[in-house]
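Please work through the exercises below with the sequence and the model in view. Each task is followed by a solution that goes step by step.

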Amino acid sequence: MSIKVDPNLMKDLKHFGLKDASKCFHCGNCTAECPLSETGTPFPRKLVKYAQMGLKDKILQSSEPWLCYYCGSCSDRCPRGADPGETMMVLRRWLTSQYDWTGFSRKFYTSEKFETMAVLAVALFVGLLMLVFAQEFDWQNASLEKAWPAAGMEIADLIMAAILSFFLLSNVWRFIKFSMGDLLTKIPLRIYTSEAKELVLHFLTQKRWAKCEDRTQWVIHLLIMTGYTTAFILVAVLLCGGLELIGLNWDALRFQRPYDPATGRDVIYPFFHPIRLLGYYATIAILIGATYALWGRMRRSKAPYKNSHGTDWMFLVLLELTVITGIAVHILRLMNIPFAMYALYILHLMVAVPMLVLEVPFAKWAHLAYRPMAAYLKGVKEKYYAELEAQKAEAPAEAKAEAA
């Protein structure tokens, strides 16, 4: 079987942030150091070597970049200063662009100008839509329900969710085909289904990260992931308490409060109402996680924060601004200051929607799909190979029994 070599791969990877990989002389210290590296999936050294040799197809077929959680211990202990942890991060950016069939992800990662213009374009479009489709601005009492009724916002959410799901799932499918190859159809369906629980477990907990020496990164990542997932469920699923469009909703779980004609304001839930508590958790979790990561990158306090790509900054800044503007909207609504609340709500969505639209299918948020999928497929492969070995071991015993 011939192996294709891309002599320009290292040059291409530099556009995604690669810096020190050429210093590596393959001592193997990083692989020995990593608590996540295993016999069947050794890294980072193998992937660094693939990059140096221009083995593009080998990297495309590898799930190891997604099994690395960049705790930074390999980079801290590299005798050559080759920063293998950052190389794995660069490969994740590059792979994300390879899975994306639209080409948008590559432009997003390799051009800060394109990234900035894309965010601004989506933000301005969202702001315009909010003004055009606004219903009634009550200048006496702040009311989101009168200005932008939840029923209409729900339709917008469903359209956006459908579009994002299409792009993300089609890219995930390409990832699966790249990493599984011929095994995709060889492995029985029962093995895929038997390991499905691991996919859910890895998504919810990112439990592999707990094996890392520095567990702080796991906690921070978990806060951001669970906080944003909670916020997404509240805004996209429970905005009307369910799917009001088809009558499957429950007002008690409605995130956007209904308008109360008696008070002239939107209903304000008690402090300990479950929806309000979930909103507070999402806000606090994202705020702690994003602030910690931003502060770490500004101080360059540890290996994962020493080399920040433009998309890393954009992601964290948008995340932080989403939380801050969300808090401001909540406070202004409670204080009943209409004009400021309406203005801040539009600004809030001008920040939150671009992050969702651009990051989920094409950039950083896509990692939430690729990481658990890689861990799941790793388990599927291991179970398949274990069954093959068991069958080989049973074959001689069956032959002896038949001969006797």
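The exercises that follow treat the two domains, the contact between them, one helix and some salt bridges.

The model is predicted, so local features need pLDDT of at least 70 and side-chain atom pairs count only at pLDDT 80 or more, whereas totals for chains, interfaces and linings use all residues. Residues are numbered from 1 along each chain as its sequence is written, and side-chain values use heavy atoms, with hydrogens and water left out.

**Exercise 1.** Find the domains of the chain and state how far apart their centres are.

*Solution.* Begin with the domain assignment, whose bounds come from an automatic or database source: domain 1 covers 9–99 and domain 2 covers 108–382. Next take the centres over C-alpha atoms, which are separated by 29 Å.

**Exercise 2.** Describe how domain 1 and domain 2 meet, starting from the area that they bury between them.

*Solution.* Start with the area: buried area is the accessible area (1.4 Å probe) that two parts lose on being put together, summed over both. For these domains the buried area is about 3000 Å², with 58% of it on carbon and sulfur atoms. On the side of domain 1, Trp66, Tyr69 and Tyr99 lose the most area to domain 2, together 28% of what that side buries.

Then turn to contacts (heavy atoms within 4.5 Å), by which 31 residues of domain 1 touch 30 residues of domain 2.

Now consider salt bridges, in which a side-chain nitrogen of Lys or Arg lies within 4 Å of a carboxyl oxygen of Asp or Glu. Three of them are counted between domain 1 and domain 2.

Last, look at the helices, which are DSSP runs (H or I, at least four residues) numbered from the N terminus. On the side of domain 1 that touches domain 2, α5 (64–67), α6 (73–76) and α7 (84–99) each supply at least two residues, and α7 gives the most, with seven residues.

**Exercise 3.** Check whether the length of helix α18 agrees with its number of residues.

*Solution.* The expected span is 1.5 Å times one less than the number of residues. Helix α18 (residues 310–335) has 26 residues and should therefore span 38 Å, which agrees with the 37 Å between its end C-alpha atoms. After α18 comes asparagine 336, with a positive phi near 60°.

**Exercise 4.** Locate the two partners of the salt bridge between glutamate 145 and arginine 254.

*Solution.* First note the N to O distance of 3.1 Å between these side chains. Glutamate 145 belongs to helix α10 (residues 144–147), while arginine 254 sits in the loop between β2 (248–249) and β3 (259–260), strands being DSSP runs (E, at least two residues). The pair thus links distant parts of the chain, 109 residues apart.
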